[in-house]
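Follow this explanation with the structure open beside you. It moves from a single residue to the helices and strands around it.

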Amino acid sequence: MRTILFDFDGTVADTLPLIFTAFRATFQQFLQEHYTDEQIVALFGPTETGILQNKLPPHAHDNAFAHFYRVYTEEHSRVQNPENIRSMLDELHAAGIQMGIVTGKGRKSADISLREWGLNSYFSVVITGDEVTHPKPHPEGIFTAMKQLGALPAETIFVGDSDADVLAGRAAGLRTVGVDWLLVTQKSGKFDPEPDYHFTDVQAFTDWILRR
């Protein structure tokens, strides 16, 4: 095991509550409509700007983008990423494992979270939804990350919290790890398809990696 590629939201960053708040505030401001967490999740697929473009009239786009990113940035000062996630990244980094991110997030929001929570130094590559033509479950982003890292499929795993992550990892020929160690994304082990491995505890995953 030399390389671990992670999904971002809900996997190594507890950003979903922040995303919900930013979308809810933006939709309230520009549509005068209240969106539940479940309604927001149903919109996932495109990047944040893509979602806003789909929901709002063109004349509102620029102001809506600015509003979304302002709220999203501010929320990072109110919410901290879990310490056990940072401990995991510290241990894996110290063990010499190269790590990368493959996320459907847009580049701007990914950069905000990486900067605000001090996560940049852990990841040698970050591939966002803005840098691919085909988002997950297509494996394009994984292939791009592996090429940049010089990673071999037999020495690489993909870790994520969604069915799309498992499908993308499989399509790339990697072993897949499904995780639901953040409360907001807990799937109760119900992945479809099933990943090769499943963890609900960050330290158990870390110990498993370091034993390999």
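The model shown here is predicted. Start at E48, a residue of helix 3, which covers residues 48-55. Is E48 buried or exposed? Its relative accessibility is 5%, and buried means under 20%, so E48 counts as buried.

What surrounds E48 can be listed. Leaving aside residues up to four places away in sequence, E48 touches F23, F68, Y69, K105, G106 and S109. With one of these, K105, there is a polar contact: the two side chains meet at 3.5 Å.

Another residue touched by E48 is S109, and S109 leads on to helix 6, residues 107-116. Which residues of helix 6 are buried? They are S109, A110, I112, S113 and L114. An α-helix has 3.6 residues a turn, so residues three or four places apart point the same way. The buried residues of helix 6 pack against three elements: helix 3, helix 4 (61-75) and strand 3 (125-127). Just after helix 6 comes G118, which has a positive phi of about 65°.

Now turn to the strands, beginning with strand 1, residues 3-6. In a regular strand the side chains alternate between the two faces of the sheet. In strand 1, T3 and L5 point one way, while I4 and F6 point the other way. All of these residues are buried.

Strand 1 has two pairings to look at. One is with strand 2 (residues 98-102): the two run parallel and are joined by four bridges. Within this pairing, I4 has M99 of strand 2 as its bridge partner. The other is with strand 4 (residues 156-160), again in the parallel sense and over four bridges. Here F6 is partnered by V159 of strand 4.

The last stop is a pair of helices. Helix 5 spans residues 83-94 and helix 9 spans residues 202-211. Their axes come within 9 Å and cross at roughly 5°. Why is helix 5 described as roughly parallel to helix 9? Angles under 35 degrees count as roughly parallel, and the crossing angle of roughly 5° therefore makes helix 5 roughly parallel to helix 9. On the helix 5 side, the contact is made by N84, I85, M88, E91 and L92. Helix 9 contributes V202, Q203, F205, T206, I209 and L210. Sorted by class, the residues in this contact are seven nonpolar, three polar and one charged.

Methods
Residues are numbered from 1 along each chain as its sequence is written. This is a predicted model: local features need pLDDT of at least 70, side-chain atom pairs count only at pLDDT 80 or more; totals for chains, interfaces and linings use all residues. Side-chain values use heavy atoms; hydrogens and water are left out. Axes are lines fitted to C-alpha atoms, for helices over the stretch in contact, and angles run from 0 to 180 degrees between N-to-C directions. Angles under 35 degrees count as roughly parallel, over 145 as roughly antiparallel, 65 to 115 as roughly perpendicular and the rest as oblique. Contact means heavy atoms within 4.5 Å. Ala, Val, Leu, Ile, Met, Phe, Trp, Tyr, Cys and Pro count as nonpolar, Asp, Glu, Lys and Arg as charged, and the others, Gly among them, as polar. Buried means under 20% relative accessible area, exposed over 50%, partly exposed in between (1.4 Å probe, protein chains only). A polar contact is a pair of N or O atoms within 3.5 Å; within protein, one must be able to donate a hydrogen and the other to accept it, and residues adjacent in sequence count only if both atoms are side-chain atoms. Two strands pair if DSSP finds at least two bridges between them.
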